[in-house]
Amino acid sequence: MFDKSVPHDRDHPALPRDLHVAVIMDGNGRWAQNRGWPRLVGHRKGAEQVRKLVEMCPELGIRYLTLYAFSTENWKRSTEEVLGLMSLFARYIRREAGRMKREGVRLRFIGDRTRLNDDLQMLIQWIETETAGNDRVHLTVALNYGGRDEITRATRAIARDVAAGKLDADDINDDVLSRYLDTRQLPDPDLVVRTSGETRVSNFLPWQAAYSEYVFTATLWPDFTPLSMQNILNDFAKRERRFGGVNA
């Protein structure tokens, strides 16, 4: 049941029908450190907020939710934090699998999986298969993801297909390149939200978010609630999106 304290308007005429919101979930470690706790406590709290937001997506009018969970640069963090995060991802998949299947959530992962351990790779493949038939909410988790890395991998794949005669170089355009990206099955995000007060995009969906609206909020991710998202969506609905054009 939706939290009645959230003043939602899922049929707002200014919101896209199949809204795609992408979130840079920042501030987990800072949230924990502010309380004198280990950073991993903040990551566990952040995972709880993911579950709450996913549950509320249909009421918020969000059909596509893409979350930046671990970047290609996050390997620079301490071994303890990295291993803890990988364990947390695996536990999330196992714990939420049944719920996602029941509630119509399709889970996908984007990013370079080759650096992930074999068990996590198998879990990812398993949950993607298990939820492939769901269509109520499309949850995408960016894991070992970097926008430049994604475009580089796509470019290599295009080059291989050109060399193999499967693709004519003169036919390469925006649509063709998009089909080689990790997000080829997803629409471009309408809105990108970053929590924690930082105002940079951190290599997240640079191609796909070329015409997305951005919101930067000071709220740390573990404190970010469905009401926080609803307030952002209320503001987003008032924005005029011209996609490079002008209104008459």
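## Ser78 and the loop before α3

Ser78 sits in the loop that runs between β2 (62-71) and α3. This is a predicted model, and in it Ser78 comes out as partly exposed, because its relative accessible area is 40%. If you want a feel for distances across the fold, try pairing Ser78 with Ala218: they are 140 residues apart in sequence, and their C-alpha atoms are 25 Å apart in space.

## Helix α3 and its bend

Move on from that loop and you reach α3, which covers residues 79-102. The helix has 24 residues and reaches 35 Å from its first C-alpha to its last, close to the 34 Å expected at 1.5 Å a residue. Still, α3 has a bend of about 50 degrees, located at Glu96. Just after the helix comes Gly104, with a positive phi of about 75 degrees.

Leu85 is one of the residues in α3. Is Leu85 buried or exposed? Leu85 counts as buried, because its relative accessibility is 4% and the cut-off for buried is under 20%. Setting aside residues up to four places away in sequence, the residues that Leu85 touches are Leu40, His43, Phe70 and Arg77. Take His43 from that list: 42 residues separate it from Leu85 in sequence, yet the C-alpha to C-alpha distance is 7.5 Å.

## Asp26 and its partners

Asp26 belongs to the loop between β1 (19-24) and α1 (28-33). With 17% relative accessibility, Asp26 counts as buried, since the limit is under 20%. Which residue's side chain makes a polar contact of 2.9 Å with that of Asp26? The partner is Arg194.

Arg194 has company around Asp26. Not counting residues up to four places away in sequence, Asp26 also touches Thr195, Ser196, Glu198, Leu220 and Trp221. Trp221 turns up again below, in one of the ring pairs.

## Aromatic rings

How many aromatic pairs does a search of the whole structure find? The search finds eight. One of them is Tyr214 with Phe216, a stacked pair with 6.0 Å centre to centre and 15 degrees between the planes. Tyr214 is partly exposed, because its relative accessibility is 25%, and Phe216 is partly exposed too, at 36%. Another stacked pair is Trp221 with Phe224, at 5.2 Å centre to centre and 20 degrees between the planes. Here both Trp221 and Phe224 are buried.

There is also an aromatic cluster made up of Tyr68, Tyr145 and Phe204. And if you like a charge over a ring, look at Arg115: its charged end sits over the ring of Trp75, 4.2 Å from the ring centre.

## The loop between β5 and β6

The stretch between β5 (191-194) and β6 (213-216) holds several residues to look at, including Ser202. Most residues other than glycine have a negative phi. Ser202, which is not a glycine, has a positive phi of about 50 degrees. Leu205 is in this loop as well, and its phi is also positive, near 50 degrees, in a residue other than glycine. Are these residues buried or partly exposed? Ser202 is partly exposed, because its relative accessible area is 26%, whereas Leu205 counts as buried, because its relative accessibility is 1%.

Gln208 is found in the loop between β5 and β6 too. Gln208 counts as buried, because its relative accessibility is 4%. Leaving out neighbours within four places in sequence, the residues in contact with Gln208 are Tyr145, Glu150, Leu181, Thr183, Asp188 and Pro189. Tyr145 is also part of the aromatic cluster with Tyr68 and Phe204. As for Pro189, it is 19 residues from Gln208 in sequence and 6.8 Å from it in space, C-alpha to C-alpha.

Note on methods:
Residues numbered from 1 in each chain as written. Predicted model: local features only at pLDDT ≥ 70, side-chain atom pairs only at ≥ 80, totals over all residues. Heavy atoms only, no water. Helix = DSSP H or I, 4+ residues; strand = E, 2+ residues; numbered from the N terminus. Buried < 20%, exposed > 50% of the residue type's maximum accessible area, 1.4 Å probe, protein only. Contact = heavy atoms within 4.5 Å. Polar contact = N/O pair within 3.5 Å; in protein donor to acceptor, adjacent residues only side chain to side chain. Phe/Tyr/Trp six-rings, centres within 6.5 Å; stacked < 30°, edge-to-face > 60°. Lys NZ or Arg CZ within 6 Å of the ring centre and 35° of its normal. Expected span 1.5 Å × (residues − 1). Bend = angle between axes of the 7 residues up to and from the residue.
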